[in-house]
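Colleague: Mind walking me through this one? I'd like to start with the ring pairs and work outwards.

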There are 2 protein chains.
Amino acid sequence: MPARSRRSRRLDVPAELAAAREGSHRAVARLVSVVSDGGPQLREVVAALADGSGDQAWVVGVTGSPGVGKSTTVAALVTALREEGARVGVLAVDPSSPFSGGALLGDRVRMGVHALDPGVYVRSMASRGHLGGLAAATPQAVRVLEAAGVDVVVVETVGVGQSEVEVAGLADTTVVLLAPGMGDGVQAAKAGILEVADVLCVNKADRDGADATVRELRQSVALGADGRAPGDWRPSVVRSVAAGGDVAELVDAVRAHQRWAREHDAVVPRRLRRAAAEVSAIALARLRRTFGQPGEGGLLDDVAGEVAAGRLDAFTAADRLVAEVEG
Amino acid sequence: MPARSRRSRRLDVPAELAAAREGSHRAVARLVSVVSDGGPQLREVVAALADGSGDQAWVVGVTGSPGVGKSTTVAALVTALREEGARVGVLAVDPSSPFSGGALLGDRVRMGVHALDPGVYVRSMASRGHLGGLAAATPQAVRVLEAAGVDVVVVETVGVGQSEVEVAGLADTTVVLLAPGMGDGVQAAKAGILEVADVLCVNKADRDGADATVRELRQSVALGADGRAPGDWRPSVVRSVAAGGDVAELVDAVRAHQRWAREHDAVVPRRLRRAAAEVSAIALARLRRTFGQPGEGGLLDDVAGEVAAGRLDAFTAADRLVAEVEG
């Protein structure tokens, strides 16, 4: 009998969703795979998830440069949330990469003890081929976890680049991790992270230079404070030693921001932004299809060739693409 | 007499371009500001730059996490290129941030001795408000520098996030910088940088752990080698101590990749990709205007509200945006 590939198997979406609602980890995994990887059933899954309940879980985005201890911090954060009795989902968002599809750093390895805890769902998101990329896939995966009854979703993004900051910035609470010496004020400002952070957390706070980093961050927040309106949330600056399990200040800061956001009607605007990013990403991906991707031999390649040769300027070339889309 | 703001002054574009061709640093600065910041004369400048000459300068992209020594390495690279007699442009690409508009880290501070060298042009790019973002602004700034007779343009991007990797990956030669201990193989793979790198450079190579990092990177390259076709370029892994001015291996590696690309017809495809990214970004930004940005009260906000409330799924919402654009 021929082996049936996991990839090509067609899901019974209502049955999978019912199983996810009963807490099935396998059903959650399969549904997250569809929204992460795309494929023929993506639209069906997304439609099934829009069930009138709206968002329920609190989404905590965690971002920071490689080496600051993001995975360790997320694991310690999950432990602390579990001790509070919360059901927790973790979405590890990797750039679309042939190397990052879970082969090098599997979900189980990443989360250690949590892999066997029925109250913790851990999934990697690679967004290869998803129509709309991570801006669309992440809210959809959050909805899968909400269906499974998760109270808190931790979205861990790799790196501090703009697109990942954007994904993390769509969370209800955005945590930016730094390490002593790596994340001084100027570097943090350069990376554009101060504006999106609700909580700035200096991890490895038992190392030399942690005090200086905390001080510089507090100064940077104070310096940038005039950019925020008087009633706005001011990012808190806290410390953690995640490798030693010490994330108490971080948990308190996340909970403090959550209370503040609920009391100040700050939740709905951010969820609207998240939905807008999702819908906009899908619509733009579809519009892009009209003129093709680079290398497909479509209209885009034709006009790009003219631009590269200096025979056409980029705006006139873009006019042609827009005219094609608008029919 | 009222002070005239620099920002609102209208440029005589043909005169500015003629001055840039004569080597005027001020004209180059003004033209780069237009393509970086956008504004009413953006289209006029871009049209004037499309003069039939095509690309001339070799574009070297340099990226890596905060703290690896990017600015120091770029400065040392510029010194080495100047010693070869090349005219050099540097574009420092920062995320769009109110903090990063040159106030914290001015062009002069950044480049030290090069600030007074007439053969070196250094500009920061913040891409605030540019139609099409950095994917569009960077090739346009490269054209300004080419008009000024620059032979090599070094594009320095902050961070290792996906969008910045993409900008760096559009260079003719893409250099990814790492530091000992920070950039081990798994982290590099996680950040998705191995695929875009033509040269992997371990900076601060006089520090402990440099040998291990070089070894791990070479193993990662070897591991990933099956993803590349037999005739493809294999990323070289080199060392530098930029703070001590030692970037000889890096310069050799860049020149080796340049020779390889020219001999293997690899230059044109990459320039086509760069032009395609530029034109596509402009066209998509214009299409996006039809349904509005989040918070503008346009159609996007309407459908996002339905999605956030669980009354509409994201794909059906996107259908409405696409229908609006297609008229």
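Colleague: How many aromatic pairs does the structure hold over all chains?

Modeller: Bear in mind that this is a predicted model, where local features need pLDDT of at least 70, side-chain atom pairs count only at pLDDT 80 or more, and totals for chains, interfaces and linings use all residues. Side-chain values use heavy atoms, with hydrogens and water left out, residues are numbered from 1 along each chain as its sequence is written, and chains are lettered from A and ligands numbered from 1 in the order in which they are written. Rings of Phe, Tyr and Trp (its six-membered ring) pair if their centres lie within 6.5 Å. Over all chains, the number of aromatic pairs is 2.

Colleague: What kind of pair do A:Trp233 and A:Trp260 make?

Modeller: Planes under 30 degrees apart count as stacked, over 60 as edge-to-face and the rest as tilted. The ring centres of A:Trp233 and A:Trp260 are 5.6 Å apart and the planes sit at 55°, so this pair is tilted.

Colleague: How many residues apart in sequence are the parts that this pair ties together?

Modeller: Helices (H or I, at least four residues) and strands (E, at least two) are DSSP runs, numbered from the N terminus. A:Trp233 is in the loop between helix H9 (210-223) and strand E7 (236-239) of chain A, while A:Trp260 belongs to helix H10 (residues 248-263) of chain A. The parts tied together are therefore 27 residues apart.

Colleague: Is A:Trp260 buried or exposed?

Modeller: Buried means under 20% relative accessible area, exposed over 50%, and partly exposed in between (1.4 Å probe, protein chains only). A:Trp233 has 14% relative accessibility and counts as buried. A:Trp260 has a relative accessible area of 19%, so the answer is buried.

Colleague: And over in chain B, how far apart are the ring centres of B:Trp233 and B:Trp260?

Modeller: B:Trp233 counts as buried at 14% relative accessibility, and B:Trp260 does too at 18%. Their planes are at 55°, so the pair is tilted, and the centres are separated by 5.7 Å.

Colleague: Back to H10(A): what span should its 16 residues have?

Modeller: The expected span of a helix is 1.5 Å times one less than its number of residues. The end C-alpha atoms of H10(A) are 23 Å apart, which agrees with the expected 22 Å.

Colleague: Which helices and strands do the buried residues of H10(A) pack against?

Modeller: The buried residues of H10(A) include A:Leu250, A:Val254, A:His257 and A:Trp260. Contact here means heavy atoms within 4.5 Å. By that test, the packing partners in chain A are strand E1 (58-63), helix H4 (70-83), strand E5 (173-178), strand E6 (199-202), E7 and helix H11 (267-291).

Colleague: Which residue with positive phi follows H10(A)?

Modeller: Look just past the helix for a phi near 50°. The residue is A:Asp265.

Colleague: How many residues of H4(B) are buried?

Modeller: H4(B) covers residues 70-83, and its end C-alpha atoms are 20 Å apart, in agreement with the 20 Å expected for 14 residues. The buried ones include B:Val74, B:Leu77 and B:Leu81. H4(B) is mostly covered, and the count out of 14 is 10.

Colleague: How many residues does the largest nonpolar core have?

Modeller: A nonpolar core is a set of buried Ala, Val, Leu, Ile, Met, Phe, Trp, Tyr and Cys residues joined through side-chain atoms within 4.5 Å. A:Val279 and B:Val279 are among those with the most contacts inside the largest one. A:Val279 touches residues of chain B, including B:Leu300, B:Val307 and B:Leu321. The residue count of that core is 111.

Colleague: Where does A:Gly231 lie?

Modeller: A:Gly231 is exposed, with 52% relative accessible area. Its C-alpha atom is 36 Å from that of A:Gly244, 13 residues away along the chain. A:Gly231 lies in the loop between H9 and E7 of chain A.

Colleague: How many contacts beyond four places in sequence does the model have for residues 96-109 of chain A?

Modeller: pLDDT is the predictor's confidence in each residue, from 0 to 100, and chain A averages 82. Residues 1-6 of chain A stay under 50 and have 0 such contacts. Residues 96-109 also stay under 50, but their contact count is 29.
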